[in-house]
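Grab a coffee and open the viewer. Below are some short exercises, each with a solution worked through in steps.

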Amino acid sequence: IQRCVTQGLPLMVQNIGEELDDALEPLLLNVRKVVGGRTLLMYGEDAMEIHPNFRMYLFTRNSKPRFAPPVFNQTTVIDFSVRQKGLEEQILSVLLRVLDEKLENQRIECIRTKADCDDIRQKLENEILGMLQETSSASLVDSQPLINTLQQTREKEEEVKEILNVNANNAKKNRLARENYQQIGYIVSLLYFAVSGMEKIDPVYQFPLERFLKDFETLLAKLKENKADFADSLPEKVRKIDQAFRRKLYKNCSAAMFEKDRLLLGFVMATTVAPFDARGPETGRAEETKKKALLAPMKSLENAELETGRRRYFEEDFAAEFDFFVRPKAAPAREQQESNPEPGWISPDTWDMICELNRLPNFQGLQGSFMHNTKEWRRYFTSAHPETEPLPSDWSQKIRDFSLLLVIRALRPDRLIFA
(Lines give C-alpha, C1' and ligand atoms only; values in the text may rest on other atoms or scores of the structure.)
Protein backbone atom coordinates (compact mmCIF):
# COMPACT_ATOMS: atom_id res chain seq x y z
CA ILE A 1 0.00 0.00 0.00
CA GLN A 2 2.74 2.46 0.93
CA ARG A 3 4.66 1.86 -2.32
CA CYS A 4 1.52 2.39 -4.42
CA VAL A 5 0.54 5.56 -2.56
CA THR A 6 3.98 7.18 -2.66
CA GLN A 7 4.98 6.11 -6.19
CA GLY A 8 1.60 6.64 -7.86
CA LEU A 9 1.03 2.99 -8.76
CA PRO A 10 -2.47 1.52 -9.14
CA LEU A 11 -3.56 -0.54 -6.13
CA MET A 12 -5.84 -3.44 -7.16
CA VAL A 13 -7.71 -5.47 -4.54
CA GLN A 14 -9.55 -8.47 -5.99
CA ASN A 15 -12.41 -10.67 -4.76
CA ILE A 16 -13.51 -8.38 -1.96
CA GLY A 17 -16.53 -9.31 0.14
CA GLU A 18 -19.32 -7.10 1.41
CA GLU A 19 -17.18 -6.17 4.43
CA LEU A 20 -13.87 -4.51 3.54
CA ASP A 21 -10.53 -5.11 5.22
CA ASP A 22 -9.66 -2.63 7.96
CA ALA A 23 -6.37 -1.86 6.18
CA LEU A 24 -8.35 -0.19 3.37
CA GLU A 25 -10.38 2.11 5.62
CA PRO A 26 -7.78 4.95 5.81
CA LEU A 27 -7.58 4.96 2.00
CA LEU A 28 -11.37 5.16 1.70
CA LEU A 29 -11.58 7.94 4.29
CA ASN A 30 -8.95 9.83 2.26
CA VAL A 31 -7.99 12.22 5.06
CA ARG A 32 -5.25 14.54 3.77
CA LYS A 33 -3.24 17.46 5.05
CA VAL A 34 -0.69 19.76 3.44
CA VAL A 35 2.64 20.20 5.20
CA GLY A 36 5.33 22.34 3.60
CA GLY A 37 3.71 22.14 0.20
CA ARG A 38 3.51 18.35 0.38
CA THR A 39 0.17 16.53 0.38
CA LEU A 40 0.13 13.81 3.00
CA LEU A 41 -2.38 10.98 3.38
CA MET A 42 -3.16 10.06 6.97
CA TYR A 43 -2.84 6.28 7.38
CA GLY A 44 -3.71 5.54 10.97
CA GLU A 45 -1.15 7.43 13.07
CA ASP A 46 1.31 7.66 10.18
CA ALA A 47 1.35 10.06 7.23
CA MET A 48 2.47 9.19 3.69
CA GLU A 49 3.11 11.58 0.84
CA ILE A 50 0.47 10.79 -1.76
CA HIS A 51 1.35 10.81 -5.44
CA PRO A 52 -1.25 12.56 -7.67
CA ASN A 53 -1.47 9.50 -9.94
CA PHE A 54 -2.39 7.09 -7.13
CA ARG A 55 -5.63 5.17 -7.72
CA MET A 56 -7.22 2.26 -5.86
CA TYR A 57 -9.48 -0.31 -7.58
CA LEU A 58 -11.64 -2.79 -5.69
CA PHE A 59 -13.08 -5.80 -7.52
CA THR A 60 -15.89 -8.13 -6.47
CA ARG A 61 -17.44 -11.15 -8.21
CA ASN A 62 -20.75 -10.49 -6.47
CA SER A 63 -23.21 -9.20 -9.09
CA LYS A 64 -25.31 -7.45 -6.43
CA PRO A 65 -23.00 -6.48 -3.56
CA ARG A 66 -24.51 -4.98 -0.43
CA PHE A 67 -21.81 -2.70 0.82
CA ALA A 68 -22.32 -0.42 3.79
CA PRO A 69 -23.68 3.03 2.80
CA PRO A 70 -20.35 4.82 3.59
CA VAL A 71 -18.58 2.63 1.01
CA PHE A 72 -20.88 3.88 -1.75
CA ASN A 73 -20.21 7.45 -0.64
CA GLN A 74 -16.43 6.97 -0.58
CA THR A 75 -16.07 5.15 -3.91
CA THR A 76 -17.28 5.27 -7.49
CA VAL A 77 -19.19 2.03 -8.11
CA ILE A 78 -19.12 0.71 -11.70
CA ASP A 79 -21.22 -2.30 -12.69
CA PHE A 80 -19.50 -4.26 -15.47
CA SER A 81 -22.04 -7.09 -15.54
CA VAL A 82 -23.84 -7.73 -18.81
CA ARG A 83 -27.37 -6.35 -19.16
CA GLN A 84 -29.80 -7.49 -21.82
CA LYS A 85 -30.33 -4.08 -23.44
CA GLY A 86 -26.60 -3.43 -23.66
CA LEU A 87 -26.01 -6.90 -25.07
CA GLU A 88 -28.72 -6.33 -27.70
CA GLU A 89 -26.85 -3.28 -28.98
CA GLN A 90 -23.57 -5.18 -28.96
CA ILE A 91 -25.11 -8.03 -30.95
CA LEU A 92 -26.62 -5.60 -33.47
CA SER A 93 -23.21 -4.00 -33.92
CA VAL A 94 -21.65 -7.40 -34.67
CA LEU A 95 -24.47 -8.26 -37.08
CA LEU A 96 -24.28 -5.01 -39.01
CA ARG A 97 -20.49 -5.09 -39.11
CA VAL A 98 -20.82 -8.34 -41.08
CA LEU A 99 -24.00 -7.75 -43.12
CA ASP A 100 -23.98 -3.97 -43.64
CA GLU A 101 -20.65 -2.47 -42.66
CA LYS A 102 -21.53 0.90 -44.21
CA LEU A 103 -24.54 1.26 -41.90
CA GLU A 104 -22.51 0.39 -38.80
CA ASN A 105 -19.71 2.80 -39.78
CA GLN A 106 -22.32 5.51 -40.23
CA ARG A 107 -23.58 4.93 -36.69
CA ILE A 108 -20.06 5.13 -35.26
CA GLU A 109 -19.42 8.31 -37.26
CA CYS A 110 -22.62 9.87 -35.85
CA ILE A 111 -21.47 9.13 -32.32
CA ARG A 112 -18.00 10.52 -33.03
CA THR A 113 -19.43 13.69 -34.66
CA LYS A 114 -21.68 14.40 -31.70
CA ALA A 115 -18.78 13.93 -29.28
CA ASP A 116 -16.59 16.29 -31.34
CA CYS A 117 -19.31 18.96 -31.41
CA ASP A 118 -19.83 18.68 -27.66
CA ASP A 119 -16.08 19.05 -27.20
CA ILE A 120 -16.01 22.19 -29.39
CA ARG A 121 -18.87 23.73 -27.41
CA GLN A 122 -17.11 23.02 -24.13
CA LYS A 123 -13.87 24.61 -25.38
CA LEU A 124 -15.72 27.71 -26.55
CA GLU A 125 -17.45 28.08 -23.20
CA ASN A 126 -14.17 27.66 -21.32
CA GLU A 127 -12.47 30.22 -23.57
CA ILE A 128 -15.17 32.83 -22.96
CA LEU A 129 -15.22 32.18 -19.20
CA GLY A 130 -11.43 32.53 -19.09
CA MET A 131 -11.53 35.89 -20.90
CA LEU A 132 -14.33 37.14 -18.66
CA GLN A 133 -12.27 36.34 -15.59
CA GLU A 134 -9.23 38.12 -17.01
CA THR A 135 -11.16 41.21 -18.12
CA SER A 136 -12.31 43.72 -15.54
CA SER A 137 -16.04 44.41 -15.36
CA ALA A 138 -15.49 48.07 -16.29
CA SER A 139 -13.87 47.26 -19.62
CA LEU A 140 -16.06 44.38 -20.78
CA VAL A 141 -17.83 46.42 -23.49
CA ASP A 142 -14.54 47.93 -24.66
CA SER A 143 -12.56 44.68 -24.82
CA GLN A 144 -12.05 44.11 -28.53
CA PRO A 145 -10.52 40.62 -28.07
CA LEU A 146 -13.56 39.57 -26.03
CA ILE A 147 -15.96 41.03 -28.62
CA ASN A 148 -14.13 39.24 -31.43
CA THR A 149 -14.16 35.99 -29.49
CA LEU A 150 -17.90 36.27 -28.82
CA GLN A 151 -18.52 36.92 -32.51
CA GLN A 152 -16.41 33.92 -33.53
CA THR A 153 -18.16 31.81 -30.92
CA ARG A 154 -21.57 32.78 -32.27
CA GLU A 155 -20.54 31.85 -35.81
CA LYS A 156 -18.98 28.61 -34.64
CA GLU A 157 -22.08 27.78 -32.61
CA GLU A 158 -24.24 28.16 -35.71
CA GLU A 159 -21.94 25.79 -37.61
CA VAL A 160 -22.09 23.28 -34.77
CA LYS A 161 -25.90 23.47 -34.65
CA GLU A 162 -26.12 22.81 -38.39
CA ILE A 163 -23.75 19.86 -38.10
CA LEU A 164 -25.75 18.47 -35.16
CA ASN A 165 -29.03 18.78 -37.06
CA VAL A 166 -27.63 16.85 -40.01
CA ASN A 167 -26.09 14.34 -37.62
CA ALA A 168 -29.41 13.88 -35.78
CA ASN A 169 -31.20 13.13 -39.07
CA ASN A 170 -28.53 10.61 -40.05
CA ALA A 171 -28.71 9.00 -36.61
CA LYS A 172 -32.51 8.71 -36.91
CA LYS A 173 -32.26 7.02 -40.33
CA ASN A 174 -29.59 4.72 -38.97
CA ARG A 175 -31.72 3.82 -35.97
CA LEU A 176 -34.70 2.98 -38.18
CA ALA A 177 -32.48 0.76 -40.34
CA ARG A 178 -31.11 -1.02 -37.26
CA GLU A 179 -34.64 -1.71 -36.06
CA ASN A 180 -35.06 -4.09 -39.00
CA TYR A 181 -32.68 -6.44 -37.21
CA GLN A 182 -33.92 -5.73 -33.68
CA GLN A 183 -35.50 -9.17 -33.45
CA ILE A 184 -32.09 -10.82 -33.83
CA GLY A 185 -30.55 -8.72 -31.07
CA TYR A 186 -33.43 -9.52 -28.73
CA ILE A 187 -33.49 -13.29 -29.38
CA VAL A 188 -29.71 -13.75 -29.26
CA SER A 189 -29.41 -11.79 -26.01
CA LEU A 190 -32.23 -13.84 -24.46
CA LEU A 191 -30.51 -17.07 -25.41
CA TYR A 192 -27.17 -15.90 -24.02
CA PHE A 193 -28.67 -15.40 -20.56
CA ALA A 194 -30.55 -18.71 -20.90
CA VAL A 195 -27.41 -20.79 -21.56
CA SER A 196 -25.36 -18.77 -19.05
CA GLY A 197 -27.79 -19.87 -16.34
CA MET A 198 -26.77 -23.49 -16.90
CA GLU A 199 -23.80 -22.88 -14.61
CA LYS A 200 -26.29 -23.20 -11.74
CA ILE A 201 -26.74 -26.85 -12.79
CA ASP A 202 -22.99 -27.51 -12.94
CA PRO A 203 -20.21 -24.93 -12.45
CA VAL A 204 -18.27 -26.41 -15.38
CA TYR A 205 -20.91 -25.08 -17.80
CA GLN A 206 -19.24 -21.76 -18.59
CA PHE A 207 -20.05 -19.95 -21.85
CA PRO A 208 -17.94 -16.75 -22.11
CA LEU A 209 -19.51 -13.77 -23.83
CA GLU A 210 -16.47 -13.29 -26.09
CA ARG A 211 -16.80 -16.81 -27.43
CA PHE A 212 -20.57 -16.41 -27.76
CA LEU A 213 -20.19 -13.28 -29.92
CA LYS A 214 -17.39 -14.83 -31.97
CA ASP A 215 -19.57 -17.86 -32.80
CA PHE A 216 -22.39 -15.50 -33.78
CA GLU A 217 -20.08 -13.51 -36.06
CA THR A 218 -18.70 -16.69 -37.66
CA LEU A 219 -22.25 -17.92 -38.36
CA LEU A 220 -23.20 -14.61 -39.99
CA ALA A 221 -20.12 -14.65 -42.22
CA LYS A 222 -20.92 -18.20 -43.31
CA LEU A 223 -24.54 -17.30 -44.12
CA LYS A 224 -23.44 -14.23 -46.03
CA GLU A 225 -21.13 -16.31 -48.24
CA ASN A 226 -24.11 -18.35 -49.44
CA LYS A 227 -25.50 -15.54 -51.60
CA ALA A 228 -28.08 -17.68 -53.39
CA ASP A 229 -29.71 -18.71 -50.10
CA PHE A 230 -29.25 -15.35 -48.42
CA ALA A 231 -30.53 -13.00 -51.13
CA ASP A 232 -34.09 -13.08 -49.80
CA SER A 233 -36.37 -10.38 -48.50
CA LEU A 234 -35.39 -8.79 -45.20
CA PRO A 235 -37.97 -10.68 -43.05
CA GLU A 236 -36.88 -13.97 -44.58
CA LYS A 237 -33.22 -13.10 -44.02
CA VAL A 238 -33.91 -12.31 -40.37
CA ARG A 239 -35.82 -15.59 -39.97
CA LYS A 240 -32.94 -17.61 -41.44
CA ILE A 241 -30.38 -15.96 -39.16
CA ASP A 242 -32.62 -16.58 -36.15
CA GLN A 243 -33.20 -20.27 -36.90
CA ALA A 244 -29.58 -20.94 -37.87
CA PHE A 245 -28.27 -19.38 -34.68
CA ARG A 246 -30.63 -21.36 -32.45
CA ARG A 247 -29.46 -24.61 -33.99
CA LYS A 248 -25.80 -23.59 -33.84
CA LEU A 249 -26.04 -22.47 -30.21
CA TYR A 250 -27.71 -25.69 -29.07
CA LYS A 251 -25.16 -27.78 -30.98
CA ASN A 252 -22.18 -25.91 -29.51
CA CYS A 253 -23.49 -25.83 -25.94
CA SER A 254 -24.74 -29.41 -25.84
CA ALA A 255 -21.36 -30.64 -27.12
CA ALA A 256 -19.80 -29.16 -23.97
CA MET A 257 -22.38 -30.67 -21.59
CA PHE A 258 -23.06 -34.04 -20.04
CA GLU A 259 -25.67 -36.16 -21.78
CA LYS A 260 -28.04 -35.99 -18.81
CA ASP A 261 -28.26 -32.18 -19.01
CA ARG A 262 -28.78 -31.74 -22.76
CA LEU A 263 -32.54 -32.19 -22.60
CA LEU A 264 -32.68 -29.53 -19.89
CA LEU A 265 -30.68 -27.17 -22.13
CA GLY A 266 -33.18 -27.65 -24.93
CA PHE A 267 -36.07 -27.12 -22.52
CA VAL A 268 -34.57 -23.90 -21.16
CA MET A 269 -33.90 -22.52 -24.65
CA ALA A 270 -37.40 -23.46 -25.87
CA THR A 271 -39.25 -21.91 -22.92
CA THR A 272 -37.09 -18.79 -23.17
CA VAL A 273 -38.01 -18.00 -26.77
CA ALA A 274 -41.53 -19.48 -26.81
CA PRO A 275 -43.29 -16.25 -25.68
CA PHE A 276 -41.51 -14.30 -28.40
CA ASP A 277 -42.30 -16.90 -31.07
CA ALA A 278 -45.98 -16.77 -30.12
CA ARG A 279 -46.03 -12.97 -30.16
CA GLY A 280 -44.11 -12.74 -33.43
CA PRO A 281 -41.64 -10.09 -34.57
CA GLU A 282 -44.37 -7.57 -35.35
CA THR A 283 -46.78 -6.13 -32.81
CA GLY A 284 -50.30 -7.21 -33.54
CA ARG A 285 -49.25 -9.81 -36.10
CA ALA A 286 -51.97 -12.20 -34.96
CA GLU A 287 -54.68 -9.54 -35.36
CA GLU A 288 -53.44 -8.67 -38.84
CA THR A 289 -53.42 -12.36 -39.77
CA LYS A 290 -56.98 -12.71 -38.56
CA LYS A 291 -58.14 -9.72 -40.65
CA LYS A 292 -56.52 -11.18 -43.77
CA ALA A 293 -58.10 -14.54 -43.00
CA LEU A 294 -61.60 -13.00 -43.23
CA LEU A 295 -61.10 -12.96 -46.99
CA ALA A 296 -59.75 -16.53 -47.03
CA PRO A 297 -61.45 -19.90 -46.48
CA MET A 298 -62.76 -20.82 -43.05
CA LYS A 299 -59.68 -22.96 -42.43
CA SER A 300 -57.49 -19.85 -42.53
CA LEU A 301 -59.79 -18.10 -40.07
CA GLU A 302 -59.51 -21.03 -37.68
CA ASN A 303 -55.71 -20.88 -37.94
CA ALA A 304 -55.80 -17.17 -37.18
CA GLU A 305 -57.97 -17.78 -34.11
CA LEU A 306 -55.56 -20.46 -32.91
CA GLU A 307 -52.65 -18.07 -33.38
CA THR A 308 -54.48 -15.34 -31.48
CA GLY A 309 -55.28 -17.78 -28.65
CA ARG A 310 -51.67 -18.94 -28.52
CA ARG A 311 -50.45 -15.38 -28.33
CA ARG A 312 -52.93 -14.61 -25.53
CA TYR A 313 -51.82 -17.74 -23.66
CA PHE A 314 -48.18 -16.65 -23.58
CA GLU A 315 -49.13 -13.10 -22.59
CA GLU A 316 -51.52 -14.04 -19.77
CA ASP A 317 -51.02 -17.62 -18.58
CA PHE A 318 -47.59 -18.97 -19.49
CA ALA A 319 -45.63 -17.17 -16.76
CA ALA A 320 -47.85 -18.56 -13.97
CA GLU A 321 -47.78 -22.09 -15.42
CA PHE A 322 -44.01 -22.04 -15.89
CA ASP A 323 -43.59 -20.84 -12.30
CA PHE A 324 -45.81 -23.72 -11.12
CA PHE A 325 -43.85 -26.22 -13.22
CA VAL A 326 -40.52 -25.11 -11.75
CA ARG A 327 -41.65 -24.30 -8.20
CA PRO A 328 -45.03 -25.85 -7.28
CA LYS A 329 -46.71 -23.74 -4.63
CA ALA A 330 -47.54 -25.16 -1.24
CA ALA A 331 -51.09 -26.46 -1.19
CA PRO A 332 -53.57 -24.97 1.30
CA ALA A 333 -54.37 -26.85 4.50
CA ARG A 334 -55.90 -30.21 3.62
CA GLU A 335 -58.93 -29.57 5.79
CA GLN A 336 -59.76 -26.71 3.40
CA GLN A 337 -59.61 -29.00 0.34
CA GLU A 338 -62.25 -31.21 -1.16
CA SER A 339 -61.73 -34.75 0.06
CA ASN A 340 -59.56 -37.06 -2.04
CA PRO A 341 -61.99 -39.16 -4.15
CA GLU A 342 -59.62 -42.14 -4.57
CA PRO A 343 -56.91 -42.32 -1.87
CA GLY A 344 -56.05 -45.79 -3.17
CA TRP A 345 -54.25 -44.45 -6.25
CA ILE A 346 -54.23 -40.64 -5.75
CA SER A 347 -51.57 -39.95 -3.15
CA PRO A 348 -51.96 -36.98 -0.75
CA ASP A 349 -49.14 -35.09 -2.53
CA THR A 350 -50.72 -35.73 -5.94
CA TRP A 351 -54.10 -34.49 -4.71
CA ASP A 352 -52.43 -31.39 -3.27
CA MET A 353 -50.98 -30.58 -6.72
CA ILE A 354 -54.32 -31.21 -8.43
CA CYS A 355 -56.05 -28.83 -6.01
CA GLU A 356 -53.35 -26.23 -6.59
CA LEU A 357 -53.52 -26.67 -10.37
CA ASN A 358 -57.26 -26.02 -10.14
CA ARG A 359 -56.42 -22.42 -9.22
CA LEU A 360 -54.76 -21.70 -12.59
CA PRO A 361 -57.04 -20.25 -15.31
CA ASN A 362 -56.60 -23.09 -17.83
CA PHE A 363 -57.18 -25.76 -15.18
CA GLN A 364 -60.29 -24.50 -13.46
CA GLY A 365 -62.66 -27.44 -13.00
CA LEU A 366 -59.87 -30.03 -13.02
CA GLN A 367 -60.48 -30.92 -9.38
CA GLY A 368 -64.19 -31.49 -10.04
CA SER A 369 -63.37 -33.62 -13.06
CA PHE A 370 -61.29 -35.95 -10.88
CA MET A 371 -64.19 -36.27 -8.47
CA HIS A 372 -66.82 -37.04 -11.16
CA ASN A 373 -64.72 -38.93 -13.75
CA THR A 374 -62.52 -40.98 -11.45
CA LYS A 375 -62.51 -44.10 -13.65
CA GLU A 376 -61.39 -42.20 -16.75
CA TRP A 377 -58.60 -40.44 -14.85
CA ARG A 378 -57.48 -43.73 -13.32
CA ARG A 379 -57.27 -45.24 -16.81
CA TYR A 380 -55.11 -42.29 -17.84
CA PHE A 381 -53.02 -42.59 -14.68
CA THR A 382 -52.27 -46.28 -15.24
CA SER A 383 -51.38 -45.85 -18.92
CA ALA A 384 -47.86 -46.92 -19.88
CA HIS A 385 -47.43 -43.73 -21.95
CA PRO A 386 -49.79 -41.07 -20.55
CA GLU A 387 -47.96 -38.31 -22.42
CA THR A 388 -49.33 -39.69 -25.72
CA GLU A 389 -52.85 -40.49 -24.47
CA PRO A 390 -55.81 -38.07 -24.79
CA LEU A 391 -56.97 -36.57 -21.51
CA PRO A 392 -60.36 -37.64 -20.10
CA SER A 393 -63.52 -35.81 -21.14
CA ASP A 394 -62.77 -32.71 -23.23
CA TRP A 395 -59.62 -31.70 -21.35
CA SER A 396 -57.44 -32.38 -24.40
CA GLN A 397 -59.13 -29.36 -26.01
CA LYS A 398 -58.30 -27.16 -23.03
CA ILE A 399 -54.87 -28.46 -22.02
CA ARG A 400 -52.17 -28.92 -24.64
CA ASP A 401 -48.51 -28.22 -25.33
CA PHE A 402 -46.75 -26.87 -22.25
CA SER A 403 -49.86 -27.01 -20.07
CA LEU A 404 -49.95 -30.79 -20.51
CA LEU A 405 -46.57 -31.03 -18.77
CA LEU A 406 -48.19 -29.74 -15.56
CA VAL A 407 -50.70 -32.61 -15.58
CA ILE A 408 -47.90 -35.14 -16.19
CA ARG A 409 -45.87 -33.53 -13.41
CA ALA A 410 -48.76 -33.89 -10.97
CA LEU A 411 -49.89 -37.42 -11.89
CA ARG A 412 -46.91 -39.22 -13.40
CA PRO A 413 -43.63 -37.43 -12.69
CA ASP A 414 -41.83 -40.60 -13.84
CA ARG A 415 -42.96 -39.80 -17.42
CA LEU A 416 -42.07 -36.12 -17.32
CA ILE A 417 -38.76 -36.53 -19.18
CA PHE A 418 -40.52 -38.40 -22.00
CA ALA A 419 -43.28 -35.79 -22.13
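**Exercise 1. A loop asparagine**

Find where Asn15 lies in the chain, then look at its phi.

Solution. Start with the place: Asn15 is in the loop that runs between strand S1 (10-13) and helix H2 (25-29). Keep in mind that you're looking at a predicted model. Next comes the backbone angle: phi of Asn15 is near 55°, so the sign is positive although the residue isn't glycine. Most residues other than glycine have a negative phi.

**Exercise 2. Another asparagine with a positive phi**

Locate Asn30 and decide whether it is buried, partly exposed or exposed.

Solution. Step one, the location: Asn30 sits in the loop between H2 and strand S2 (32-35). Step two, the backbone: Asn30 has a phi near 55°, again a positive value in a residue other than glycine. Step three, the surface: the relative accessibility of Asn30 is 37%. Buried needs under 20% and exposed needs over 50%, so Asn30 counts as partly exposed.

**Exercise 3. The whole chain**

How many helices and strands does the chain have, and what share of its residues counts as buried?

Solution. Count the elements and you get 19 helices and 5 strands. Then turn to burial: 34% of the 419 residues of the chain count as buried. One last step deals with contacts between residues at least 6 apart in sequence: 65% of those in the chain join residues at least 24 apart.

**Exercise 4. Cysteines and disulfides**

Work out how many disulfides the model has, and whether Cys4 and Cys110 are buried or exposed.

Solution. First, the test: a pair of cysteine sulfur atoms has to lie within 2.5 Å. By that rule the count is 0 disulfides. Now for accessibility, where the limit for buried is under 20%. Cys4 comes in at 13% relative accessibility, so it counts as buried. Cys110 has 8%, so it counts as buried too.

**Exercise 5. An arginine in a loop**

Say where Arg66 is found and whether it is buried or exposed.

Solution. Arg66 belongs to the loop between strand S5 (55-58) and helix H3 (69-74). Its relative accessible area is 69%; the cut-off for exposed is over 50%, so Arg66 is exposed. Then check a partner from elsewhere in the sequence: Gly17 is 49 residues away along the chain, and its C-alpha atom is 9.1 Å from that of Arg66.

**Exercise 6. H4 against H5**

At what angle do the axes of H4 and H5 cross, and which residues make the contact?

Solution. The axes of helix H4 (residues 84-99) and helix H5 (residues 101-134) come within 5 Å and cross at roughly 130°. That angle makes the two helices oblique to each other, so that's the label for H4 and H5. On the H4 side the contact uses Ser93, Leu96, Arg97 and Leu99, and on the H5 side Glu101, Leu103, Glu104 and Arg107. Sort the residues of this H4–H5 contact by class and you have 3 nonpolar, 1 polar and 4 charged.

**Exercise 7. H8 against H10**

Describe how H8 and H10 pack, starting from the angle.

Solution. Helix H8 (residues 209-225) and helix H10 (residues 234-255) pack at about 130°, and their axes are 11 Å apart. H8 is therefore oblique to H10. As for handedness, the H8–H10 crossing is right-handed. H8 brings Phe212, Asp215, Phe216, Leu219, Leu220 and Leu223 to meet Ile241, Ala244, Phe245, Lys248, Leu249 and Asn252 of H10. By class, the H8–H10 contact splits into 9 nonpolar, 1 polar and 2 charged residues.

**Exercise 8. H10 against H11, and Met269**

Label the packing of H10 and H11, then place Met269 in it.

Solution. The axes of H10 and helix H11 (residues 259-279) come within 10 Å and cross at roughly 155°. The cut-off for roughly antiparallel is over 145, so H10 and H11 get that label. Met269 of H11 is one of the residues making the contact, as are Leu249 and Tyr250 of H10. The H10–H11 contact holds 7 nonpolar, 2 polar and 3 charged residues.

Zoom in on Met269: at 7% relative accessibility, it counts as buried. Beyond neighbours within four places in sequence, Met269 is in contact with Leu191, Val195, Arg246, Leu249 and Tyr250. Finally, Leu190 is 79 residues from Met269 in sequence, and their C-alpha atoms are 8.8 Å apart.

Key: Residues are numbered from 1 along each chain as its sequence is written. This is a predicted model: local features need pLDDT of at least 70, side-chain atom pairs count only at pLDDT 80 or more; totals for chains, interfaces and linings use all residues. Side-chain values use heavy atoms; hydrogens and water are left out. Buried means under 20% relative accessible area, exposed over 50%, partly exposed in between (1.4 Å probe, protein chains only). Axes are lines fitted to C-alpha atoms, for helices over the stretch in contact, and angles run from 0 to 180 degrees between N-to-C directions. Helices (H or I, at least four residues) and strands (E, at least two) are DSSP runs, numbered from the N terminus. Angles under 35 degrees count as roughly parallel, over 145 as roughly antiparallel, 65 to 115 as roughly perpendicular and the rest as oblique. A crossing is left-handed if the near helix is turned anticlockwise from the far one by less than a right angle, and right-handed if clockwise. Contact means heavy atoms within 4.5 Å. Ala, Val, Leu, Ile, Met, Phe, Trp, Tyr, Cys and Pro count as nonpolar, Asp, Glu, Lys and Arg as charged, and the others, Gly among them, as polar.
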